[in-house]
Amino acid sequence: MIKQEIDTINQILQKTNARLIAVSKYYPVEDVKTAYDCGQRLFGESREQELRLKQMALPKDIEWHFIGHLQTNKVKYIVPYISLIHSVDSVKLLEEINKQGEKKNRKIPPLFPTFTYKARIQLIISIISCW
């Protein structure tokens with residue numbers, strides 16, 4: 001049943017640039033492995049400790065995204081294997097991602113939340129100055 005659902009969604013997404021992210025939040029490693037065995041390779045996790053445990057226990061060809069709020073003091077733990085960080089909500093966090101990424105010779109792309117026009121311009125200016 002899971003494989004059929006994954007396949008159906010991926011068939012629809014083939015016509016777009018979108019990709020299916022299976023959110024592993026609150027699911028045990030066994031459930032994530034089931035989705036993996038059904039062909040899913042992109043997973044999102046929102047808790048750093050859970051992500052670390054899952055990353056160590058599951059196959060290494062999984063592409064991990066960090067979803068949700070990330071504390072700057074947790075960045076160093078996920079930089080070695082994370083491929084994208086969703087919801088970068090401060091310049092301080094972006095600077096820490098860049099700093100930790102440089103230590104591991106990695107650039108981790110961020111996604112930013114939507115703001116009002118004025119706040120968005122201020123964030124973009126800040127980002128450009130530190131990128």
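Leaving aside its neighbours within four places in sequence, which residues is His 86 in contact with? With contact meaning heavy atoms within 4.5 Å, they are Ile 21, His 65, Phe 66, Ile 67, Gly 68 and Leu 111. Before going further, a word on what we're looking at: this is a predicted model, where local features need pLDDT of at least 70, side-chain atom pairs count only at pLDDT 80 or more, and totals for chains, interfaces and linings use all residues. Residues are numbered from 1 along each chain as its sequence is written, and side-chain values use heavy atoms, with hydrogens and water left out.

**The overall layout**

The protein chain has 6 helices and 4 strands; these are DSSP runs numbered from the N terminus, helices being H or I with at least four residues and strands E with at least two. Read from the N terminus, the order is α-β-α-β-α-β-α-β-α-α. Of the 131 residues, 34% are buried, where buried means under 20% relative accessible area, exposed over 50%, and partly exposed in between (1.4 Å probe, protein chains only). Among contacts with a separation of 6 or more, 41% come from residues 24 or more positions apart. The accessible surface comes to about 8400 Å², and carbon and sulfur atoms own 55% of that. Areas like this come from the Shrake-Rupley method with a 1.4 Å probe, and for residues only the protein chains shown count as cover.

**Back to His 86**

His 86 sits in the loop between E4 and H5. Its relative accessibility is 17%, so it counts as buried. The side chains of His 86 and His 65 are joined by a polar contact of 2.9 Å. That term stands for a pair of N or O atoms within 3.5 Å; within protein, one must be able to donate a hydrogen and the other to accept it, and residues adjacent in sequence count only if both atoms are side-chain atoms.

**The core**

A nonpolar core is a set of buried Ala, Val, Leu, Ile, Met, Phe, Trp, Tyr and Cys residues joined through side-chain atoms within 4.5 Å. The largest one here has 23 residues, and Trp 64, Ile 78, Ile 82 and Ile 85 have the most contacts inside it. H2, E3, H4, E4 and helix H5 (91–103) each supply at least two residues of this core. If you click on Trp 64 and skip residues up to four places away in sequence, you'll find that it touches a list including Val 32, Phe 43, Leu 51, Leu 58, Tyr 81 and Ile 82.

**Helices with a buried side**

Take H2 (29–37) to begin with. Its buried residues are Val 32, Ala 35 and Tyr 36. They fall within an arc of 105° seen down the axis, so they line one face of the helix; the arc is that of the directions from the helix axis to the C-beta atoms. The face turned away from them carries the exposed Glu 30 and Asp 37. What covers the buried residues of H2 includes helix H1 (2–13), E2, H3 and E3.

H3 can be described in a similar way. Glu 48, Leu 51, Lys 54 and Gln 55 are its buried residues. Their arc is only 130° around the axis, which puts them on the same side of H3. Leu 53, Met 56 and Ala 57 are exposed on the face turned away from that side. The buried set packs against helix H2 (29–37), strand E2 (42–45), E3, helix H4 (75–78) and strand E4 (82–85).

As for H5, its 13 residues should span 18 Å at 1.5 Å a residue, and its end C-alpha atoms are 18 Å apart, which agrees. The expected span is 1.5 Å times one less than the number of residues. Buried residues of H5 include Leu 93, Leu 94 and Ile 97.

**Loop residues worth a click**

Most residues other than glycine have a negative phi. Tyr 26 and Asn 105 are listed below with their positive values.

| Residue | Phi | Loop | Relative accessibility |
|---|---|---|---|
| Tyr 26 | about 70° | between strand E1 (22–23) and H2 | 60%, exposed |
| Asn 105 | near 55° | between H5 and helix H6 (117–130) | 73%, exposed |

Gly 39, which follows H2, also has a positive phi, near 105°.

Lys 60 lies in the loop between helix H3 (48–57) and strand E3 (63–66). Lys 60 is exposed, with a relative accessible area of 57%. Even so, a polar atom of its side chain lies 3.2 Å from the backbone oxygen of Met 56. The C-alpha atoms of Lys 60 and Arg 41, 19 residues apart along the chain, are separated by 9.8 Å.
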